[in-house]
Amino acid sequence: WILVEGEMSFSQRKFNYITNGNEAQIEQIKFESIQELMNELYIGEFVSEKALEKLKNRESFAVFPGDGLWYIAGNSWRKPNGNHQYFASLELSLNQLFG
């Protein structure tokens with residue numbers, strides 16, 4: 001797994017990000033591509049009562065959506081009802097964009 005940290009600017013329509021804490025190499029991705037990913041990501045269910053303030057296992061498939069909490073796939077971050085391929089599809093999208 002990799003850690004992708006980024007900042008999205010809606011006014012400038014861009015997403016700048018770094019991977020694995022490498023601040024020396026800031027990259028940029030098309031706004032439309034990240035917007036599609038955000039649409040896909042946020043249809044999941046986020047259960048804040050089960051979320052963590054600190055991510056203990058760095059190998060978890062987790063997101064930090066900006067509310068100060070980490071959500072782990074299958075636990076505090078759940079697939080939408082009926083979408084059994086949600087996490088697999090999301091992982092594929094992430095690999096295409098950042099892998």
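**Exercise 1. Place Glu49 in this predicted model, and decide whether Glu49 is buried or exposed.**

*Solution.* Start with the position along the chain: Glu49 sits in the loop between strand 4 (45–46) and strand 5. Next, look at the accessibility. Glu49 has a relative accessibility of 70%, and the cut-off for exposed is over 50%. Glu49 therefore counts as exposed. Finally, take a distance from this loop residue: the C-alpha atoms of Glu49 and Leu69 are 9.9 Å apart in space, while the two residues are 20 residues apart in sequence.

**Exercise 2. Find out how many salt bridges the whole structure has, and describe the partners.**

*Solution.* Here is a general idea to begin with: side chains of opposite charge can pair when their charged atoms come close. A search of the whole structure gives one salt bridge. Its partners are Arg13 and Glu32, and their closest N and O atoms lie 3.1 Å apart. This pair links distant parts of the chain, with Arg13 in the loop between strand 1 and strand 2 (14–19) and Glu32 in helix 1, 19 residues apart.

Now check how open each partner is. Arg13 has a relative accessible area of 45%, and Glu32 has a relative accessibility of 41%. Partly exposed residues fall between the cut-offs of 20% and 50%, so Arg13 is partly exposed and Glu32 is partly exposed.

**Exercise 3. Look at the backbone of Arg13 and Asn20. What is the sign of phi in each?**

*Solution.* Recall the general pattern first: most residues other than glycine have a negative phi. Turn to Arg13, where phi is near 55 degrees, a positive value in a residue other than glycine. Then take Asn20, which is not a glycine and has a positive phi of about 50 degrees. As for location, Arg13 lies in the loop between strand 1 and strand 2, and Asn20 lies in the loop between strand 2 and strand 3.

Stay in the Asn20 loop for one more step. Gly21 also lies between strand 2 and strand 3 (27–30). With a relative accessibility of 41%, Gly21 counts as partly exposed. From C-alpha to C-alpha, Gly21 and Ser48 are 25 Å apart in space, with their positions 27 residues apart in sequence.

**Exercise 4. Describe the surroundings of two serines, Ser9 and Ser93. Are they buried or exposed?**

*Solution.* Take Ser9 first. Ser9 belongs to strand 1, and its relative accessibility is 16%. Because buried means under 20%, Ser9 counts as buried. The side chain of Ser9 makes a polar contact of 3.4 Å with the side chain of Ser11. When neighbours within four places in sequence are left aside, Ser9 is in contact with Lys14 and Phe31.

Now do the steps again for Ser93. Helix 2 (residues 86–98) contains Ser93. At 18% relative accessibility, Ser93 counts as buried. Its side chain is joined to that of Glu40 by a polar contact of 3.0 Å. Beyond its neighbours within four places in sequence, Ser93 contacts Leu37 and Glu40.

**Exercise 5. Explore the loop residue Ile43. Which residues does Ile43 touch?**

*Solution.* Begin with its place: Ile43 is in the loop between helix 1 and strand 4. Its relative accessibility of 47% makes Ile43 partly exposed. Not counting residues up to four places away in sequence, Ile43 touches Pro80, Asn83 and Tyr86. Last comes a distance: the C-alpha atoms of Ile43 and Lys79 are separated by 8.0 Å, although the two are 36 residues apart along the chain.

**Exercise 6. Describe the largest pocket: what volume does it have, and which residues line it?**

*Solution.* The volume of the largest pocket is about 960 Å³. Its lining has 29 residues, and the closest to the pocket centre are Val4, Glu5, Ala62, Val63 and Phe64. Next, ask where the lining comes from. Strand 1 (4–9), helix 1 (31–41), strand 5 (62–63) and helix 2 each supply at least two lining residues. To finish, sort the lining by class: 20 residues are nonpolar, six are polar and three are charged.

Terms used: Residues are numbered from 1 along each chain as its sequence is written. This is a predicted model: local features need pLDDT of at least 70, side-chain atom pairs count only at pLDDT 80 or more; totals for chains, interfaces and linings use all residues. Side-chain values use heavy atoms; hydrogens and water are left out. Helices (H or I, at least four residues) and strands (E, at least two) are DSSP runs, numbered from the N terminus. Buried means under 20% relative accessible area, exposed over 50%, partly exposed in between (1.4 Å probe, protein chains only). A polar contact is a pair of N or O atoms within 3.5 Å; within protein, one must be able to donate a hydrogen and the other to accept it, and residues adjacent in sequence count only if both atoms are side-chain atoms. Contact means heavy atoms within 4.5 Å. On a 1 Å grid over the protein atoms alone, a cavity is a set of points where a 1.4 Å probe fits but cannot get out, and a pocket is an open set with protein on both sides within 12 Å along at least five of seven lines; lining residues have an atom within 4 Å of a point. Grid points are joined across faces, edges and corners, and a volume is the space filled by probe spheres set on the points. Ala, Val, Leu, Ile, Met, Phe, Trp, Tyr, Cys and Pro count as nonpolar, Asp, Glu, Lys and Arg as charged, and the others, Gly among them, as polar. A salt bridge is a side-chain nitrogen of Lys or Arg within 4 Å of a carboxyl oxygen of Asp or Glu.
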